[in-house]
Structure formats: structure tokens, C-alpha cells
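Good morning, and thank you for making time for this presentation. I would ask everyone to have the sequence and the structure in view as we go through them.

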Amino acid sequence: MHSNSEQIGLHLSDYPAMRPSALPVLDERLRGTRFVSLTPKSILNSPQQTGVDFWSLNPYVGCEFGCSYCYARYAHRYVVERARDAGKLSDSEFQDFRGPHGWEAFERRIFVKEGLLAALERDLQRYFRSARPPDGSPSPLGTAPLVIGTATDPYQPAERRFRLTRRVLERLARCEGLNVGLITKSPLVARDRDVLRRLQDANDLEVYVSLISVDAGLIRKIEARSPVPGVRLRALKRLTDAGVRAGLIVAPVLPGITDDVAHLEALFQAAREAGARFVHAGALRLYPAVRDRFLPLLREQFPGLEQRYRRAYARSLGAPRQYAAALRQRVQRLQQKYGFPVNEGMQDRYERRLPASQGELAL
Ligand code: SF4
């Protein structure tokens, strides 16, 4: 994957060159979303491949939820462009797999990594070898977390039928001593609380239910087809009631839209009522692929903010230093108030670290 992806836990070596004949259509929705089969040689992205300090796994390429701030669209685009360049997609197929603006197909052409268990088996050997080098010396990667869902949602609607994520969890539940994280916006995760409990018995596990606002109307403006807040919070409760170590991840916090105290406090309150064990939060990072999709939406839905975002993010993909520091303090105060562990936030653990810019964006 290009330099961005190398720091967010997704690697393009996941995606083998495609042949139309090797991409059987597995399913199609009435609205035209198509699910095509992809057989990966590798499913686990190592820290050496991605440049971050965790391993990552994404059972699907593309995501039907279609959040406007999603940073993973470029990976889908890369797969499609590589196939076209290799002469494996005709011009019309390329247009179909890319979409008129280059971002739509991420939501409408979903690659399903069939056969991922064979790849996982091979990759686990690689993972354990890196954790325990032949000379027996301790490896700096020995405790590297393995995070599921860094680039696409592992419980997006396709999982109901294809059950790839469940199969991965079943396999990981036969391991011991892993440090596993899982990120999702979908209530479907509660379906797998049995296997998550088994996984947790012999491994460290944290399930992050992702939610940026309890305001369903606002969510629908920003996330095209994601589950409404209420069902995500109920899923979180079902997980915690079942004893699964689960909490809320509030990312991205959107400056001027979801970062006020009342907004954040409503999320913390809801998390506590759902039995969350933790709440993490982090500000928006405006990757190039996100700008293409998110800034036009901002212009349409929040016209006063577009120029402010352009200025604030002019010199950096990350939020301005002062803003990030103020947000972190605000989140830490709420973590304290609501009895959650106080920490540096999700982005310090599972996302890239960016040099902060000096720009200003009042909180
Ligand atoms: S759920 Fe996650 S992967 Fe899917 S579109 Fe939204 S941000 Fe992207």
C-alpha cells in the first residue's frame, strides 16, 4: 500500500491482481451493490508491511456503510486500477468498478475474501515466528496487537451471509496469549458474543463499538448506510452483558460538528448505560481520499465549515496541535467524570501518529 496505508494498518499486498473470470459475483442487492469473490494469498498485515506497531486483518475490501470520512476508499481504488493496468478489466468494467467520482465503488463493489482461513493459517505461523524468533530472544513484536477492522467494517451487512469474521474469530479462539482488537459499527457483532467470550478466555480482547454521535439525524447526514446509534448501543450492551470486554470508540470527532461538550457527554452517558469498559476518542484526520468525499459533503450539509476545515487541515492530515490537545483534555475530563480509564485515546494505539501542524481551529 502507498505511504498513507502503510501507517494505518492496511497493506495492498492483501489484494492480488484480479481477473474478471476470477471474480465470481457472489451476490447482488436490488440497489445494485455487488459482492465479488477475492482469494487472498495473505490476510494478516504485519507491522513491517504497514509501518505501525500492530497486525491487522480486514475480511472485506469496500464497505456498504459508506461513511463520508472513511479513509479506506483509496485501497479499493488501487485494487481496481491495478487490475485495469494489468489488462484484467476492460474499460467498461473499470468504470463500473471505479464509479463516476472514484469513490462510489468502495460502497457498491465489495470484495469478499473467500478462502481467508487458509491464508490466516499460513499468516499465523508468520505471526508466531515474529513473536518468537528462532534464537529465543524476546521480540519487540511479541505483544503486538492484532486488530480486526482497521480499514473496512468486519460486521458490515455482507458478514451476515459470508461469516468471514466469525470464522476468523473461531480460529483465533484456538490460540492463547494474543492481544486482539476489533472495531465495528454494526450490531451484528453481538451475534458472535459466544465466540468472543471464548476468544477472551485465553487472550486479551477489546471490542470497539464505533459511534460518533447519539444524534441519528446527524449520523445519517455523515454516514450513508451505517446502523443508527440506538442499535449500536444495544449491541454494546449485549456484549458487555455477556462479559465481553467492549467499549466505545468515538472517531473521528468532527471539529465544529460533534466536538462540543454536550455532544461528547451524551456519548459518554450512553456508553456508561451500555456497560462500556472504556471510551476512546480522536479527532478527524483528513487524508487525501477523505477530502474528495468529505469536503463536498461538508459544503452541502455544513456550509460554514468547509473553509474552516480547509484552513485547519492545510498543512497536515491531522488536526492542528492545539485543537488535538484541547480535545484530548476534554475527553480525559469526561473519562474521569464517567469512571472510565483515562488515556491518550484510540489513535495513539491503533492509528498513525502524525506530525501536528500549527494551524488553529477553535474548539
Ligand atoms: S464503517 Fe468504517 S470502513 Fe465502513 S465506510 Fe464507515 S468508516 Fe469506512
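**Cavities, ligand and core**

I begin with the interior: by the rule applied here, there are three cavities of 30 Å³ or more. Please keep in mind throughout that the model is predicted.

Let me take the second largest cavity, whose volume is about 40 Å³. Which residues line the second largest cavity? They are R73, H76, R77, V80, F97, R98, G102, W103, A105 and F106. In terms of residue class, this lining divides into five nonpolar, two polar and three charged residues. At least two lining residues come from each of helix 2 (73-85), helix 3 (91-98) and helix 4 (105-108). Helix 2 gives the most, with four residues.

I turn now to the ligand. Around the ligand we find C63, F65, G66, C67, C70, F106, A151, T152, D153 and K185. This shell is made up of six nonpolar, two polar and two charged residues. I would draw your attention to F106, which appears in the shell around the ligand and also in the lining of the second largest cavity.

Next, the chain as a whole. The chain contains 15 helices and eleven strands. Of its 363 residues, 58% count as buried. Taking contacts with a separation of 6 or more, 79% of them are between residues 24 or more positions apart.

The largest nonpolar core has 93 residues. Which residues have the most contacts inside this core? They are I148, V207, L248, I257, F294 and Y309. Y309 can serve as our example. Leaving aside neighbours within four places in sequence, Y309 is in contact with L254, P255, I257, L284, F294, L295 and L298. Two of the names in that list, I257 and F294, are also among the residues with the most contacts inside the core.

L284 leads us to another part of the chain. The C-alpha atoms of L284 and G318 are separated by 6.9 Å, with their positions 34 residues apart along the chain. G318 belongs to the loop between helix 13 (306-312) and helix 14 (321-337). Is G318 buried or exposed? G318 counts as buried because its relative accessibility is 5%, and the cut-off for buried is under 20%.

G149 is another loop residue, placed between strand 7 (146-148) and helix 6. With a relative accessibility of 11%, G149 also counts as buried. The C-alpha atoms of G149 and L182 lie 6.0 Å apart, although these residues are 33 positions apart in sequence. Beyond neighbours within four places in sequence, G149 is in contact with L57, N58, P154 and I183.

Y127 gives us a case from a helix, namely helix 5 (residues 116-131). At 3% relative accessibility, Y127 is buried. Y127 and W55 are 72 residues apart in sequence, and their C-alpha atoms are 8.5 Å apart in space.

For a residue with another degree of exposure, consider V25, in strand 1 (residues 25-28). Why does V25 count as partly exposed? V25 has a relative accessibility of 48%, and partly exposed covers the range between 20% and 50%, so V25 falls into that class. Outside its neighbours within four places in sequence, V25 is in contact with R34, F35 and V36. The C-alpha atoms of V25 and R109 are 9.9 Å apart, while the two residues are separated by 84 positions in sequence.

I close with two points of backbone geometry. Most residues other than glycine have a negative phi, and most peptide bonds are trans. Where, then, is the cis peptide bond in this model? A cis bond joins A251 and P252, with omega at about 0°. P252 is in strand 10 (residues 246-253).

The second point concerns R163, which has a positive phi, near 55°. R163 is found in the loop between helix 6 (158-162) and helix 7 (164-172). With a relative accessible area of 37%, R163 is partly exposed.

That concludes the presentation, and I thank you for your attention.

Note on methods. Residues numbered from 1 in each chain as written. Predicted model: local features only at pLDDT ≥ 70, side-chain atom pairs only at ≥ 80, totals over all residues. Heavy atoms only, no water. Buried < 20%, exposed > 50% of the residue type's maximum accessible area, 1.4 Å probe, protein only. Near = heavy atom within 4 Å. Nonpolar A, V, L, I, M, F, W, Y, C, P; charged D, E, K, R; others polar. 1 Å grid on protein atoms, 1.4 Å probe; cavity = no way out; pocket = protein on both sides within 12 Å on 5 of 7 lines; lining within 4 Å. Points joined across faces, edges and corners; volume = space filled by probe spheres on them. Core = buried A, V, L, I, M, F, W, Y, C linked by side-chain atoms within 4.5 Å. Contact = heavy atoms within 4.5 Å.
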